[in-house]
Structures are given as C-alpha cells and as structure tokens.
Amino acid sequence: MSQIKLKVADIQQLTNTIKSFDLVSADGGHLPSWEAGSHIDIEIDGHMRRSYSLANQPGDTDHWVTAILREEGGTGGSKFMHDKVSVGDELTIAEPPTNHFSLEEKAASHLLIGGGIGITPLLSMGYRLKDMEADFHLHYCTKSKEDTAFYDKVLEVFGSNGVTFHHDGGDPSQGIKLDDVLSAQKEGQHLYLCGPGGLINAARDVASHWQDGTVHFELFASAKSEDEKTEAAEGDQPFEVELKKSGITFTVPADKSIIELLRANEVDVMYACEEGWCGNCKVGLISGKADHRDEFLDDTDRENFIQVCISRAMPGENLVLDI
Ligand code: FES
C-alpha cells in the first residue's frame with residue numbers, strides 16, 4: 001500500500017455547509033487514474049480516515065475535486081476538513097482511489113438519484129455518461145437552489161434535459177415523487193442512488209421490483225458522533241475479544257461495538273463510515289465465529305477478516321483478532 005501525498009490547490013464554499021477541495025499531487029507529478037464513482041480515504045489527525053467521492057472528470061490525473069458537507073454531529077472529520085484545512089496544506093491518502101460504486105457501462109440507460117452531498121460521485125458519472133453518449137437522467141434532491149452544490153456544473157454536464165432538480169424546502173413530502181420516478185424500469189435500465197440513508201432506503205424500497213443487480217447505491221451518512229449510543233439489536237449478547245498482538249482482552253457489551261471498545265482501550269484502528277460499508281476498519285480474524293453484518297467483505301474474506309465497526313461474535317463465541 002503506497003501512501004499518496006496531496007496538496008490542496010483550491011477550496012470553494014459551494015453552499016452554507018458544503019466546500020469543494022481541489023487536490024493535486026504534492027510532488028507536482030500526475031495522480032493515479034480513476035473511474036467514475038470512485039472515492040479517496042483522507043487521513044485525518046493520524047487516527048481516522050474519511051471517505052470522500054471524486055466529482056470531476058473521471059481519469060483526470062492532473063487534479064481531483066471532492067466536496068465535503070460540514071457535519072455538526074459527526075466525529076470531527078468534516079469539521080477538520082472545513083475548519084483546519086487551507087489552500088497549500090498537504091493531505092495523505094493511504095491508497096489510490098477505490099471504487100465501490102461503478103457505472104454499469106453496458107446498461108441500456110441510466111437513472112441517477114442524488115440527495116445533497118450525494119451528488120459528488122454522480123457528477124463524475126455524469127461526465128462519463130456524457131462522453132459515452134449514453135441515455136441518462138439525474139434527479140438531484142436538495143432543500144433549495146442555494147443548498148445545491150455544483151448547480152451550474154451539473155447543468156453543464158447533464159444538460160438541461162438530463163437533470164431534474166427537486167427542492168423540498170426541508171420537507172421531504174414536498175420533494176421527489178419516488179413512485180412516479182421508479183415505478184417502471186425500462187428494459188436494461190440501471191439505477192444509481194447516492195445520498196442520505198432516508199432517501200436511499202425509500203428509493204430502494206420503491207425500486208424493489210427492479211431486476212436483480214440493476215440498483216446500485218452508496219450511502220452518504222456521517223459516522224456516528226462520539227456520544228451517540230449504539231443501540232443493542234434484539235438478541236445481541238456480550239462477547240469477549242482478545243487482541244493477539246496487543247495482548248489485551250475485553251468484553252464487548254450488548255449495546256457497544258468492537259470499535260468502541262478498541263477506542264476505549266486506546267487501540268488505533270482506521271475507520272470511516274462506522275456502518276459497515278466503507279471497508280476501512282477491516283481487521284484480521286484469527287479465531288472465533290463472527291456475526292458479519294457489513295456490506296463490504298465477500299464470503300472468502302469473511303473467513304479471515306471482520307469489520308469491527310459493526311460485526312459481532314455469533315452467540316456463545318469469542319473472537320481473537322490480529323491486532
Ligand atoms: S468503518 Fe466503514 S466498514 Fe467499518
């Protein structure tokens with residue numbers, strides 16, 4: 001894994017709460033190539049990573065553009081980026097852009113729905129779809145025009161016939177009518193959803209009759225705040241975790257996650273989403289049967305790894321981790 005040093009070339013205040021960051025290589029060279037839908041994981045304060053999608057022309061190796069929503073309730077990643085990072089500063093990412101939200105380029109047509117800051121990967125998809133002369137349409141949901149990041153850029157990339165803006169004034173019932181937009185799937189059409197959990201879950205629900213494998217989504221939610229309590233799900237039980245390398249053993253109560261206990265024991269593990277989808281908190285699993293609750297690991301990985309932000313031990317099992 002090779003770290004990449006970036007320099008902040010420009011920062012723009014796009015809305016009251018969203019800033020864009022223009023990033024170049026710190027050594028003046030080219031950046032790695034990347035595909036539409038990719039994100040980078042920026043290291044923040046040396047102990048956490050935050051995933052931010054790239055929003056410019058895919059494959060651009062001269063610079064990358066990302067946009068970040070300042071979240072009051074988060075663990076501080078977005079506040080750090082908004083309040084502490086200035087033009088000329090260096091940032092580190094652990095690896096080249098990764099993509100868990102790819103375009104299905106062979107699809108007959110593409111329907112995109114973005115909510116708020118969820119526009120970032122969809123904008124990069126727009127560039128690609130335009131280059132491909134594909135059949136596409138974007139529904140972009142925000143509170144008002146003033147709260148709409150990249151408004152002009154979205155119009156330029158998607159074209160006035162390729163985008164519908166939905167401003168709900170803060171009342172989701174006044175926003176996009178998902179039943180109208182998603183009731184009929186065209187032959188070979190794929191759907192891409194990005195934004196807050198409420199919008200994504202509602203859209204996935206309405207699109208539940210769409211053909212398997214044609215609905216793609218990326219959740220844009222803040223990590224949990226430090227004082228946000230993890231609710232014990234029904235049936236959750238305490239279990240023991242042994243950290244082989246650190247020589248620490250602790251019990252994870254029913255209403256806490258492994259990562260909360262790692263933090264309490266001052267054991268450093270990278271994390272970002274804390275919801276099991278970004279992959280950052282992957283840790284080696286030496287023994288014990290895990291109750292995998294993430295959306296990141298595949299079945300083969302699950303034999304040897306665990307996402308410690310969300311997964312637990314199966315009832316009666318204890319876990320030994322490779323940290
Ligand atoms: S922090 Fe994202 S999967 Fe655990």
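**A walk through the predicted model**

Begin with strand E1 (residues 4–13) and strand E2 (residues 18–25): seven bridges hold this pair together, and the two run antiparallel. Keep in mind as you look around that this is a predicted model. Zoom in on Gln12, and you will find Ser20 of E2 standing opposite. Now follow the chain from E1 to E2: the two strands make a hairpin, with four residues between them.

Stay with E1 and add strand E6, residues 90–93, to your selection. E1 pairs with E6 as well, again in the antiparallel sense, this time over four bridges. To see one of the matched positions, pick Lys5, whose bridge partner in E6 is Thr92.

Next, zoom out and colour the chain by domain. There are domain 1 (4–93), domain 2 (109–219) and domain 3 (239–321). Show domain 1 and domain 2 together: their C-alpha centres are 23 Å apart. Where these two touch, domain 1 supplies 18 residues and domain 2 supplies 15 residues.

For the next stop, select helix H2 (residues 119–131) and helix H3 (residues 151–158). Their axes come within 9 Å and cross at roughly 25°. Because angles under 35 degrees count as roughly parallel, H2 is roughly parallel to H3. The crossing of H2 with H3 is left-handed.

Turn on side chains here to see who meets whom. On the H2 side, show Ile119, Leu122, Leu123, Gly126, Tyr127 and Lys130; they meet Lys153, Val154, Glu156, Val157 and Phe158 of H3. What kinds of residues make up the contact of H2 with H3? Seven are nonpolar, one is polar and three are charged.

For the last stop, look at an open sheet of five strands. Trace its order as E13-E12-E18-E14-E16, and notice that the pairing is mixed. Which strands form the edges? They are strand E13 (248–252) and strand E16 (305–307), each of which pairs on one side only. Tilt the view to look for the twist, which averages 40° from one strand to the next.

Finish at one end of this sheet by selecting strand E12, residues 239–243, along with E13. These neighbours run antiparallel and are joined by five bridges. Strands of a sheet pair through backbone hydrogen bonds, so the backbone is a good thing to display here. Pick Val241 to close the tour: Phe250 in E13 is the residue standing opposite.

Technical notes:
Residues are numbered from 1 along each chain as its sequence is written. This is a predicted model: local features need pLDDT of at least 70, side-chain atom pairs count only at pLDDT 80 or more; totals for chains, interfaces and linings use all residues. Side-chain values use heavy atoms; hydrogens and water are left out. Two strands pair if DSSP finds at least two bridges between them. Axes are lines fitted to C-alpha atoms, for helices over the stretch in contact, and angles run from 0 to 180 degrees between N-to-C directions. Angles under 35 degrees count as roughly parallel, over 145 as roughly antiparallel, 65 to 115 as roughly perpendicular and the rest as oblique. A crossing is left-handed if the near helix is turned anticlockwise from the far one by less than a right angle, and right-handed if clockwise. Contact means heavy atoms within 4.5 Å. Ala, Val, Leu, Ile, Met, Phe, Trp, Tyr, Cys and Pro count as nonpolar, Asp, Glu, Lys and Arg as charged, and the others, Gly among them, as polar. Domain bounds come from an automatic or database domain assignment.
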